[in-house]
Structure formats: structure tokens, C-alpha cells
Amino acid sequence: MRILAVASEAFPLVKTGGLADVAGALPLALERHGAHTTTLLPGFPKVMARAHSSGTTHQVWSWNDFYGGWAELIGAEVAGLDLLILNAPHLFDRPGGIYGNGAVDWPDNWRRFAAFSRAGADIAGGMLTGYKPDLVHVHDWQAALTLAYMRYGAANDVASVITVHNLAFQGQFGADIFGELGLPDDAMSIHGVEYYGGVGFLKAGLKAAWAITTVSPTYAQEICTPEGGMGLDGLLSSRSNALTGIVNGIDLEQWDPRTDRHLPQHFSADDLGARRGNRHAVEQRFALHRDDSLLLCLVSRLTWQKGIDVLVDCLDEIVSMGAKLALLGNGDPSFEAAFHAAAGRHPGRIGVVTGYDEALSHQITAGADAILVPSRFEPCGLTQLHGLRYGCLPIVTRTGGLADTIIDANEAALTAGVATGFQFQPLAHQPLINAVRRALHVHREPADWQGMQVQAMRSDVSWDHSAKCYIDVYRSLLRGTHG
Ligand SMILES: Nc1ncnc2c1ncn2[C@@H]1O[C@H](COP(=O)(O)OP(=O)(O)O[C@H]2O[C@H](CO)[C@@H](O)[C@H](O)[C@H]2O)[C@@H](O)[C@H]1O
């Protein structure tokens with residue numbers, strides 16, 4: 001089975017969030033089940049640099065004028081990924097972020113990702129000699145228009161899947177761009193790309209996809225409701241037969257406490273005492289007192305989605321309850337400032353590093369006792385899976401993938417010895433505080449805490465089961481039995 005994946009980021013080439021982790025790891029997991037993935041990426045500077053340093057790049061196509069400038073497609077192989085890269089300097093070669101400069105989106109994002117999607121559809125339609133995918137799998141709004149170009153073009157017989165990683169990002173633009181997309185006039189309708197009077201990239205993909213997946217069963221249900229659907233619940237519930245929730249895995253080689261090159265001290269479920277060296281490293285890096293109190297951590301984009309506003313409100317009380325916190329994140333400057341102010345009020349009890357630091361994210365998860373994931377909504381969530389893998393017990397809101405991956409330490413689960421973390425709902429000050437209090441309570445009994453750590457580390461967070469679920473979706477489409 002040949003899959004063409006279309007994604008705007010993939011680890012380890014370029015990453016702003018969890019999408020990159022998935023786009024980087026899923027192809028390797030699918031390969032083990034006999035499906036070969038070729039991944040189309042935009043030629044962002046980091047992608048081009050990494051591809052060139054691999055020494056494997058070769059041109060497979062070029063255009064003199066592709067959405068306003070010269071462009072080429074490059075083949076490359078990086079970190080086990082079979083890549084096609086759309087090198088279009090007028091669209092992707094610029095300083096700043098891949099989607100914008102600071103908090104401001106690039107004004108030509110519609111053109112950048114329309115071009116990217118068009119390239120995906122042309123490849124699906126057989127533009128490249130010797131390569132035609134059996135199925136196209138696109139991720140999020142940046143790649144979603146691929147499916148509209150396929151549907152209204154030469155590749156409307158090629159099976160397609162769209163995965164929604166986060167419904168909050170929809171790629172909505174004014175109707176005035178439509179004329180420049182190169183789609184036929186009848187695509188500008190409610191059955192095509194039209195969305196609330198403008199053009200909706202994600203909407204167009206959801207409408208055209210043969211199958212829709214999202215990254216957990218609970219989120220799949222939530223997005224069909226007015227509360228969770230962000231304006232797309234009508235469309236999604238009308239397509240609920242085509243919608244499947246498949247929980248993400250994590251890369252077990254990148255996240256292996258016995259071999260992780262980022263850790264000062266390796267450990268395993270049989271040797272939890274060895275976590276201590278990592279704990280000391282975290283205490284040192286975050287200027288925290290060295291003691292045995294509950295060490296909580298956070299590794300997150302600092303946004304409203306992640307419930308950071310509520311956490312900020314709880315920090316003083318969490319410290320007064322006896323816990324301490326190591327906070328790593330970047331995003332909304334007001335949250336960064338609030339964290340620094342809290343660290344100033346509680347020296348030795350709250351430590352903050354603002355910025356994006358992959359190595360530090362591993363160290364924190366290996367050294368802290370528990371990881372906070374107080375998300376307002378969470379399609380799947382990866383940091384709680386990292387926490388499980390490293391015996392850093394997740395304290396999470398009961399929503400989306402957090403509800404599906406963590407077993408709450410209620411009385412029954414504790415007695416049965418199956419608890420792996422602490423859930424609370426709704427996202428608000430008191431429920432969060434109560435969850436931390438429950439964690440403190442278990443933490444006072446080292447044998448109970450370690451029992452939960454072992455149980456957490458036994459959880460299956462691999463890609464194996466999820467890859468099988470994707471293969472099932474692909475097969476059902478190719479057999480014509482889906483939805
Ligand atoms: N400051 C920092 N330093 C280092 N690493 C950091 C960091 N901030 C975040 N990270 C890392 O970035 C990733 C973020 O993963 P999340 O699951 O929180 O995804 P995100 O919300 O971006 O994406 C969306 O897509 C993913 C993938 O489907 C879904 O899991 C998720 O629910 C959905 O919102 C993790 O690997 C985390 O360790």
C-alpha cells in the first residue's frame with residue numbers, strides 16, 4: 001500500500017507542536033504493517049537545511065510559475081522518512097515562524113498552503129513518473145485543500161483521509177481569495193470550499209475526504225457537539241459514519257528511559273530509584289529547593305487551549321499545599337510573565353524556563369513526580385503519554401484524549417492497582433486544586449506512588465495499535481466499505 005501523507009510539519013525536520021510528532025512517527029509505524037508512506041512537506045528553511053545535510057536530495061519536478069514564483073519538488077530521505085519537499089522560496093523561505101511572525105500569521109498563508117495542497121493533489125493525480133499513491137492522507141487545515149483539488153481535478157478517484165489534530169485551527173479566509181485558488185466556480189458552494197461566506201480550508205477537506213479521523217475517540221465525539229465542534233459540528237455529525245477516533249502513540253525510541261540521550265540518569269520501572277539523578281538535575285536547572293516534596297511539572301504551549309489561565313490562578317495555592325513546580329513553555333507573553341511573577345513570589349518553589357527546549361522536556365518528564373495537563377480541550381495530548389512512559393504521573397482534565405489515555409486514581413482503580421494518573425473536571429480552580437491534593441495524598445505513601453508509577457510505565461503508549469487502526473481505515477477505503 002502506497003500512502004502519500006501531506007503535512008506542514010514533521011519531526012525531526014520542523015516542529016511547532018504535536019502534529020509534527022505524529023507526522024514524523026506514523027510513517028515508521030505504518031511501514032511495520034506493510035504500508036509505505038511518502039511525506040510531502042513545505043520547503044521551510046529548516047526542512048531544506050536538514051534535507052541538504054542528508055546528502056540525498058534530488059529534483060523530481062519544477063514549475064516556472066507556481067502560485068507566483070519558481071518552484072521545485074525535491075525527493076529526500078531523512079530520519080527514515082521518505083520525503084517530497086515543495087521548495088518554493090517565494091512562499092516558504094523567510095525568517096520568522098513557519099506560520100507567521102510572532103503572533104501574527106503570514107498574510108499570504110492562504111496562498112502558501114493552497115500551493116502546498118495543489119502540489120499534493122497533482123502528485124496524487126500521477127504527475128510524477130513512476131509514482132502514484134493508492135491513498136492520500138492529509139493533516140490539518142494546511143494540507144486540507146489537497147482534497148478539494150483532488151475532488152475537482154484529476155485525482156478524484158484516489159482514496160483520501162483527513163486527520164484533525166486540532167479543530168481550533170481551521171484556515172478561514174475571505175471569499176476574495178477564491179478566484180486565485182484555481183478551483184472551478186462550482187467549488188465555491190456549501191458542498192465545496194465555501195464556509196460562512198468565505199473560504200474554509202479545513203471545511204473543504206472535511207467535506208471532500210473519503211474518511212475523517214481525529215486523534216482520540218472522545219474528541220471524535222466532542223467535535224460532533226455544538227460545545228466542541230467550533231462551528232463544524234453540523235458537518236462532522238452529518239459525516240459521523242466516516243469519522244473515527246484513533247489515539248496517538250509516541251516514539252518509543254525517542255522516549256526510552258533506559259537509553260534517552262537527554263537524561264543525566266537512565267532508569268526503568270524496575271529501578272525507579274535511579275530517577276533521583278534526573279530529579280536533582282531538574283531542581284538545579286529550575287533553581288528549586290532540594291527536598292522530597294511533590295515535584296510537579298508542565299511542558300506546554302502556553303495558550304488558552306492548554307488551560308494555562310486557570311493554572312496561573314492556582315500556583316500560589318499549590319505551593320502553599322507543599323508542592324513545587326518546574327514550568328517549561330512558550331506562547332502567550334502574558335502567561336509567560338505570570339509564570340515569572342509567580343517564580344519571583346516563590347523562590348525555590350516555582351522555577352520557570354520559557355522557550356522551546358526538546359532536551360529539557362525529556363529531562364523534566366524524567367525527573368518530576370507528576371505532569372500537569374489542565375487542557376480546556378485536548379484532541380489527544382502527547383505530554384501525558386510522555387509522562388506515563390517516564391513514570392511522571394499525569395494530572396489531567398477529563399477531556400478528549402486525556403480522558404482516553406489516563407486511568408484516574410479513584411478508590412476502585414487504586415484498589416485494583418490499575419490507576420495511572422489523576423483526572424479532574426471541569427477545568428476550574430477548585431477541581432484542579434483537588435486533583436493536586438489527591439496526588440499529594442498518594443505521594444505521602446511511597447509504595448502507593450511507586451505502584452502507580454509502575455502501572456503508568458506499563459501502559460501501552462506505542463504506535464503499534466494505532467497504526468493498525470489507520471491500516472484498517474485505509475483498507476476499508478480501498479475495499480470500498482468505509483462510511
Ligand atoms: N516548550 C516546549 N519545549 C519542548 N517541547 C515542547 C514545549 N511545548 C510543547 N512541547 C512538545 O510539543 C508537543 C506538543 O504536543 P501536544 O499533544 O500538546 O500537541 P499540540 O497541542 O501542539 O497539538 C495537537 O496535535 C497533537 C497531535 O495529534 C494532539 O496530541 C494535541 O491534542 C493537539 O492539540 C509534545 O511533544 C511536547 O513535548
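## Enclosed space in the model

In this predicted model, the largest cavity holds about 60 Å³ of space, and the count of cavities of 30 Å³ or more comes to one. Its lining is made up of I3, A5, V22, A23, L26, P27, L30, T37, T39, H137, H139 and Y474, a set that divides by class into eight nonpolar residues, four polar residues and no charged ones.

Several elements meet around the largest cavity, for β1 (2-6), α1, β2 (36-42) and β8 (135-139) each give at least two residues to its lining. Of these residues, five come from α1, and this is the largest share of the lining.

## The ligand and its shell

Around the ligand there are 30 residues, of which the closest are H165, R301, K306, E378 and G381. Sorted by class, this shell contains nine nonpolar, 14 polar and seven charged residues.

Three side chains can be described by their polar atoms. In the side chain of H165, an N or O atom lies 2.6 Å from an oxygen atom of the ligand, while for N248 a polar side-chain atom is found 2.9 Å from a ligand oxygen, and for K15 the separation between a side-chain N or O atom and an oxygen of the ligand is 3.0 Å. The ligand taken alone exposes 720 Å², and the protein buries 96% of that area.

## Where the shell comes from

Which elements give two or more residues to the shell around the ligand? They are α1 (18-31), β15 (295-302), β16 (324-331), α12 (358-367) and α13 (383-389), and the largest share, four residues, is that of α1.

The shell is also spread over two assigned domains, since at least three of its residues are drawn from domain 1, which covers 2-249 + 464-478, and at least three from domain 2, which covers 272-457.

## The second largest pocket

The second largest pocket contains about 610 Å³ of space. It is lined by 28 residues, and those closest to the centre of the pocket are L28, D251, L252, E253 and Q254. By class, the lining of this pocket comprises 12 nonpolar, eight polar and eight charged residues.

Both α1 and α12 supply at least two residues of the lining of the second largest pocket, with α1 giving the largest share, six residues. As for the domains, the lining of this pocket takes at least three residues from domain 1 (2-249 + 464-478) and at least three from domain 2 (272-457). The helix α1 therefore recurs through this report, giving the largest share to the lining of the largest cavity, to the shell around the ligand and to the lining of the second largest pocket.

## Backbone details in loops

Two peptide bonds that lead into proline are cis. One of them joins F11 and P12, with omega at about 10 degrees, and P12 belongs to the loop between β1 and α1. The other runs from Q425 to P426, where omega is near -5 degrees; P426 is located in the loop that lies between β20 (422-424) and α16 (429-443).

A further backbone detail concerns A79, a residue other than glycine whose phi is positive, near 50 degrees. A79 is placed in the loop between β4 (71-78) and β5 (81-87).

Notes
Residues are numbered from 1 along each chain as its sequence is written. This is a predicted model: local features need pLDDT of at least 70, side-chain atom pairs count only at pLDDT 80 or more; totals for chains, interfaces and linings use all residues. Side-chain values use heavy atoms; hydrogens and water are left out. A residue is near a molecule or strand if one of its heavy atoms lies within 4 Å of it. A polar contact is a pair of N or O atoms within 3.5 Å; within protein, one must be able to donate a hydrogen and the other to accept it, and residues adjacent in sequence count only if both atoms are side-chain atoms. Accessible areas come from the Shrake-Rupley method with a 1.4 Å probe; for residues, only the protein chains shown count as cover. Ala, Val, Leu, Ile, Met, Phe, Trp, Tyr, Cys and Pro count as nonpolar, Asp, Glu, Lys and Arg as charged, and the others, Gly among them, as polar. Domain bounds come from an automatic or database domain assignment. On a 1 Å grid over the protein atoms alone, a cavity is a set of points where a 1.4 Å probe fits but cannot get out, and a pocket is an open set with protein on both sides within 12 Å along at least five of seven lines; lining residues have an atom within 4 Å of a point. Grid points are joined across faces, edges and corners, and a volume is the space filled by probe spheres set on the points.
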